[in-house]
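Work through the following exercises with the sequence and the model side by side, and try each task before reading its solution.

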Amino acid sequence: MLKLYGDLHIHSIVSDGALHPSEIVKISKLKSINVISVTDHNTFLGSVIASRYVDKRSQILIYGAEVKTYLGEILLLCPQAIRISYDLSTLVDSCRENNCLLVPSHPYDILRLGIKWGVNLKVWDAVEIFNSSSDPISNIITYILARGLNIPLLANSDAHVGELIGSAFNIIYADGFTVDDVLESIRVGNVTPVMRYSLLGSIYRFSWSLKRTVHGLRKTNLMYDLVSLV
Ligand SMILES: [Zn+2]
């Protein structure tokens with residue numbers, strides 16, 4: 001059985017992150033995080049672009065998006081990009097059809113839009129029990145209220161800057177080195193969340209948020225990828 005290291009919640013410049021998807025691929029590799037998902041807000045585009053840069057011999061890219069439904073935010077982790085719906089039951093159906101995982105992100109985050117009580121619905125494949133971009137109180141509340149759900153638990157970075165990638169991660173025990181193997185391993189619970197903060201990463205994240213507010217989003221090189229995708 002393979003022992004893999006996965007950070008399944010990372011943002012790129014496609015939404016509000018600081019990094020181009022290619023940089024996320026590169027930094028993950030340097031940090032020996034060999035399973036990643038670029039989960040931009042309401043789009044798979046970050047993952048689609050990242051897929052062009054992944055070294056398939058040493059890295060697995062799970063196509064991801066963080067979708068803001070009417071209940072709150074949910075991670076979609078899929079073998080390929082799918083059509084996004086903001087209606088939960090439509091989203092659940094299309095995830096089942098496409099072999100995706102549905103994972104509430106930071107469900108009890110005080111400052112961000114988690115699904116809160118919705119975490120008790122019986123539709124989730126796993127729950128993000130720890131998010132290293134969330135504050136400690138939100139993570140403690142989530143841990144207390146969601147760890148007994150009897151579904152697999154995940155820890156992710158929700159990185160918007162490179163320093164946070166892999167700050168929290170998951171040890172995934174998989175039968176093979178494919179996306180389907182990884183998704184199945186998570187589904188059946190062959191996964192251990194590693195819940196860690198990075199002080200340095202949090203400082204970089206804070207300064208990125210300030211810079212973004214003052215200067216707007218950085219979109220360098222993104223147009224090249226968008227044009228060449230067409
Ligand atoms: Zn996020």
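**Exercise 1.** Find the residue of strand β10 that stands opposite F169, and then trace the pairing of β9 on both sides.

*Solution.* F169 stands opposite V194 in β10, where strands are DSSP runs of E with at least two residues, numbered from the N terminus. Two strands pair if DSSP finds at least two bridges between them, and β9 and β10 (residues 191-194) run antiparallel with four bridges. Strand β9 (residues 169-174) also pairs in the antiparallel sense with β1 (residues 2-10), over five bridges, and here Y5 has I171 as its bridge partner.

This is a predicted model, in which local features need pLDDT of at least 70 and side-chain atom pairs count only at pLDDT 80 or more, while totals for chains, interfaces and linings use all residues. Residues are numbered from 1 along each chain as its sequence is written.

**Exercise 2.** Determine which residues I62 contacts beyond its neighbours within four places in sequence.

*Solution.* Contact requires C-beta atoms, placed from the backbone, within 7 Å. By this criterion I62 touches L8, V35, S37, L77, C78, V179, V182 and L183.

**Exercise 3.** Decide whether N99 and D158, two non-glycine residues with positive phi, are buried, partly exposed or exposed.

*Solution.* First locate them: N99, with phi of about 60°, lies in the loop between α3 (88-97) and β6 (101-104), whereas D158, with phi near 55°, is in the loop between β8 (153-156) and β9. Next apply the cut-offs: 20 or more other C-beta atoms within 10 Å means buried, 12 or fewer exposed, and anything in between partly exposed, with C-beta atoms placed from the backbone. N99 has 16 such neighbours and is therefore partly exposed, while D158 has 27 and is therefore buried.

Notes
Two residues are in contact if their C-beta atoms, placed from the backbone, lie within 7 Å.
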